[in-house]
Amino acid sequence: MGLEEKLPLSLDARIFVEDQLYFSTVGAVRTERGWVCIDTPADPLHAAWWRQTLKTIAPLPILAVIYTDAGRDRVLGTAILMEERPGLVIAHHQAFDRIKSHGEIGRQQVMDALINVGQSESAELLNRTPLVLPNLTFSDRLILNFGSPALILEHVDGASPGQIWVRIPEHDVVFVGDTVTLNAHPNLSEADLERWLEQLRQLHAGRVARRVIPGRGPLVEPKGVSPVLDYLKTLLKRVKTLAGGRRKVELGPLVNEFMAYFPVPEHDRERIQRRIRLSLERLLELYAEGKKMEAGKAAMAKAGSRKKT
């Protein structure tokens, strides 16, 4: 199906979701005063299509763009969406620092990814598209009210330091960014696994919203977050078992085990294997250090009790 023939998923004729573009899922909320976009298409041609699609649904201005994290493939379409007009660009303050530090390296990585999927024209366009940095940041919570429906932005951490959720209580919807990825491997490079798992348990139990929109993949009900929940639970169990052991950990079998959880395009296989390996190395080192600290504290406590006797 060509882009011109596509219609995004509509929730109550107020919230629109598109999960068939390259790399990530994007959304938009039609408020009384205008559109609020949640993340942006990385492909400039898709960003232009998304802008026109929203105009066709309702000829209203795009008032704000929200970045749910600092992912390079979420933040490069803003200039095209807003047509270089002034508007709010919102992110957590930690995400701002990361977006700024990506610079041209981040752009080049997305361009390379577009070329790998046969989109050379899009890569050339992206090279000429300016990066728009956030002009409004927050620490814990921010409420956007452009008339109904209100959007509640909350810092959640877990998947990455600058991760946020966008809740729309009036419609029982939450955009969770890369807290949930259903058609791609989770990126664990900066993850706090235990906090991330707790957030997934909250989502799975239906305590956040009835409709969950992942950062990558289609809308799901709360139980639909199970694939990434199971992935992280298994990974954490493996890491805790192996961390601090006397024998050297053979990472090859572990990498292969986790590669099987989610689809991987052939052109991206080597990169994903490398990313999983690096993440496992970081987590094993982190939990091994934690075990050493616990052992040290236990030894000190035991020595102290001996002195008392």
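This is a short talk about the pockets, the one cavity and a set of paired strands in a predicted model.

Okay, let's start with the open space. The largest pocket holds about 1,600 Å³, and 48 residues line it. If you want to find its centre on the screen, look for D73, N187, R216, R271 and R275, which lie nearest to it. As for who contributes, three elements each give two or more residues to that lining: α2 (72-75), α4 (93-116) and α9 (269-308). Which of them gives the most? That would be α4, with eight residues. And the chemistry of the wall is mixed: 17 nonpolar residues, 18 polar and 13 charged.

Now on to the second largest pocket. Here we're talking about 180 Å³ or so of space, with 13 lining residues. L60, P61, I62, E83 and R85 are the ones nearest the centre of this pocket. Helix α1, residues 44-57, gives the most to the lining, and that's three residues. By class, you get nine nonpolar and four charged residues in this wall, with no polar ones.

Then there's the closed space. The model has one cavity of 30 Å³ or more, and about 50 Å³ of space lies inside that cavity. What lines it? Going along the chain, you have T25, V26 and G27, then I38 and D39, then T68, then F175, V176 and G177, and finally I213, P214 and G215. Split by class, the cavity lining comes out as six nonpolar residues, five polar and one charged.

Last stop, the strands. I'd like you to look at β9, residues 151-155. Why do I call β9 largely enclosed by the rest of the structure? Because four of its five residues are buried, that is, under 20% relative accessible area.

So who pairs with β9? On one side of the pairing list there's β8, residues 141-144, which runs antiparallel to β9 with four bridges joining the two. One pair to click on is I143 with its bridge partner in β9, I152. These two strands form a hairpin with six residues between them, and in that hairpin G147 takes a positive phi near 90°.

The other pairing to show you is with β10, residues 164-168: again antiparallel to β9, and joined to it by four bridges. There, E154 stands opposite W165 of β10.

That's the tour; happy to go back to any of those views.

Note on methods
Residues numbered from 1 in each chain as written. Predicted model: local features only at pLDDT ≥ 70, side-chain atom pairs only at ≥ 80, totals over all residues. Heavy atoms only, no water. 1 Å grid on protein atoms, 1.4 Å probe; cavity = no way out; pocket = protein on both sides within 12 Å on 5 of 7 lines; lining within 4 Å. Points joined across faces, edges and corners; volume = space filled by probe spheres on them. Nonpolar A, V, L, I, M, F, W, Y, C, P; charged D, E, K, R; others polar. Buried < 20%, exposed > 50% of the residue type's maximum accessible area, 1.4 Å probe, protein only. Pairing = 2+ DSSP bridges.
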